[in-house]
Amino acid sequence: MAVRTVLKMGNPKLLQVAKPVKMFATPELDALVEDLMDTMQAEDGAGLAAPQIGVGIRVVVFGFESNIRYPEAAPVPQTVLVNPLIEPLSDEREAAWEGCLSVPGLRGVVPRYTHIRYRGFDQFGVAIEREAHDFHARVVQHECDHLDGILYPQRMTDMRLFGFTEVLEGLAGGS
Ligand code: NI
């Protein structure tokens with residue numbers, strides 16, 4: 001359908017709590033999902049949430065075979081997730097580098113649960129329930145945070161581990 005403009009941090013729409021989807025399998029929802037997928041792929045994103053293109057409803061997309069922004073990440077299934085719920089399955093968290101299409105050019109270290117269960121629906125209303133670990137779990141937590149108006153810098157615990165990608169990549173061990 002169309003590659004849409006991704007809103008950048010500072011836009012108040014990124015700080016709003018998105019509304020649940022009530023009607024599935026509608027032309028409007030189909031068109032939104034296509035735009036999210038097209039935009040995510042055009043920007044090499046690992047995921048994208050509807051509020052990032054200015055649509056305040058609880059829809060995220062994520063997934064890739066391989067991703068240039070996260071070259072070491074294992075594949076994540078291509079997924080449309082509507083009205084998601086996340087449940088941590090252990091207290092274990094891992095701190096790792098993360099970026100966001102709404103925070104371009106920057107990376108930060110963010111603690112996330114390493115093992116979660118997530119539930120929701122696809123755009124047709126078919127239930128989805130999965131367990132996820134590691135990067136897959138990280139992506140889901142990151143994208144679902146967008147639905148609550150949370151950007152990853154708000155989850156950071158050490159602001160020294162925040163910087164420009166081009167600088168970090170020039171340092172040993174930066175990524
Ligand atoms: Ni993001």
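**Exercise 1. In which helix is the place of Asp-134?**

A word on the setup: this is a predicted model, where local features need pLDDT of at least 70, side-chain atom pairs count only at pLDDT 80 or more, and totals for chains, interfaces and linings use all residues. Residues are numbered from 1 along each chain as its sequence is written, and side-chain values use heavy atoms, with hydrogens and water left out.

*Solution.* Start with the secondary structure: helices (H or I, at least four residues) and strands (E, at least two) are DSSP runs, numbered from the N terminus. Asp-134 sits in helix α2. Now check its backbone: phi is near 55°, a positive value in a residue other than glycine. Then look at accessibility, where buried means under 20% relative accessible area, exposed over 50%, and partly exposed in between (1.4 Å probe, protein chains only). At 47%, Asp-134 comes out partly exposed.

For a second case, go to Asn-83, in strand β3. Its phi is also positive, about 50°, although Asn-83 is not a glycine. This one is buried, at 18% relative accessibility.

**Exercise 2. Find the protein donors of the nickel ion and work out which parts of the chain Cys-100 and His-142 tie together.**

*Solution.* Donors are N, O and S atoms within 2.8 Å of the metal (3.2 Å for Na, K and Ca); water is not among the atoms, so sites may look incomplete. Around the nickel ion you get Cys-100 (SG), His-142 (NE2) and His-146 (NE2), lying 2.1 to 2.3 Å from it. Along the chain, the donors follow the spacing C-x41-H-x3-H. Cys-100 is in the loop between β4 (93-98) and β5 (106-113), while His-142 is in helix α2 (residues 134-147), so this pair ties together parts 42 residues apart in sequence. Both Cys-100 and His-142 are buried.

**Exercise 3. Pick out the residues that touch the most other members of the largest nonpolar core, then trace what supplies that core.**

*Solution.* A nonpolar core is a set of buried Ala, Val, Leu, Ile, Met, Phe, Trp, Tyr and Cys residues joined through side-chain atoms within 4.5 Å. The largest has 20 residues, and Phe-62, Tyr-118 and Phe-135 touch the most other members. At least two residues come from each of β2 (59-64), β3 (76-88), β6 (115-121), β7 (127-133) and α2. The biggest giver is α2, with six residues.

Zoom in on Tyr-118, taking contact as heavy atoms within 4.5 Å. Leaving aside neighbours within four places in sequence, its partners include Phe-62, Leu-81, Ile-128, His-136 and Val-140. Apart from this core lies another, of 16 residues, among them Leu-32, Val-33, Ala-50 and Val-82.

**Exercise 4. Count the salt bridges and work through the pairs of Arg-58, Arg-112 and Arg-155.**

*Solution.* The rule: a side-chain nitrogen of Lys or Arg within 4 Å of a carboxyl oxygen of Asp or Glu. That gives 11 salt bridges.

- Arg-58 meets Asp-148 at 2.9 Å, N to O. The pair links the loop between β1 (47-49) and β2 with the loop between α2 and β8 (162-164), 90 residues apart. Arg-58 is buried at 14%, whereas Asp-148 is partly exposed at 34%.
- Arg-112 meets Glu-98 at 2.6 Å, N to O. Arg-112 is in strand β5 and Glu-98 in strand β4, so the pair ties together parts 14 residues apart in sequence. Both are buried.
- Arg-155 pairs with Asp-145, the closest N and O atoms being 2.8 Å apart. Arg-155 is partly exposed at 37%, while Asp-145 is buried at 8%.

Last step: salt bridges that share partners join Glu-98, Arg-112, Arg-138, Asp-145 and Arg-155 into one network.
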